[in-house]
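Here is a short tour in questions and answers. Have the sequence and the model open as you read.

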Amino acid sequence: MSGLFHQVVYQIGISQYRSSAYHQEFQGALERFHQTLKNMIRNVCLQFDRDWDDGVHFLLFAVREAVQESLGFSPFGLVLGHTLRGPLKLIKEEWLAEHTDLNLLDYESNIKEKWYTALQIAQKNFLKCTEQDENMV
């Protein structure tokens, strides 16, 4: 650990514990999270079969949006400083509103279309970047 980081930890008042690599017993909470994450990834792989990578971004969004029991906050909340309003939260807000004209089928169709379009754009951009990288080599 660098002297600067040691000083920052001391100034903030953090009690830091060091552990050796591959010593799972020391990092129980992290290991439990890894077990949960592995089970979630396994279920995504089983559900999406050959296109398992299409479901991973939904899984990661759910993990980052969920409030962590040990922290009392979601990872998104800690990074962004506010609660993220995901698709399910938006639907819930619409349902609880007094006057709503929300049609779930239209909403689902529109959101899937937007996500699919965004995914296609991202894939095209990724391919362009990889082609440029290959041309530079």
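Q: In which helix is Asp53 found?
A: This is a predicted model, where local features need pLDDT of at least 70, side-chain atom pairs count only at pLDDT 80 or more, and totals for chains, interfaces and linings use all residues. Residues are numbered from 1 along each chain as its sequence is written, and side-chain values use heavy atoms, without hydrogens and water. Helices are DSSP runs (H or I, at least four residues), numbered from the N terminus. Asp53 is in helix 3 (residues 53-65).

Q: Does Asp53 count as buried, partly exposed or exposed?
A: Buried means under 20% relative accessible area, exposed over 50%, and partly exposed in between (1.4 Å probe, protein chains only). Asp53 has 46% relative accessibility, so Asp53 counts as partly exposed.

Q: How many helices are in the protein chain?
A: From the N terminus on, the elements run α-α-α-α-α-α. Strands number zero, and helices number six.

Q: What is the radius of gyration of the protein chain?
A: The radius is taken over C-alpha atoms, and the globule rule is 2.2 Å times the number of residues to the power 0.38. For 137 residues that rule gives 14 Å; the chain is well over this, so it is more spread out than a compact globule, with a radius of gyration of 21 Å.

Q: What percentage of the 137 residues is buried?
A: The C-alpha atoms fill a box of roughly 55 × 55 × 30 Å along the principal axes. In this chain, the buried share of the 137 residues is 9%.

Key:
Helix = DSSP H or I, 4+ residues; strand = E, 2+ residues; numbered from the N terminus.
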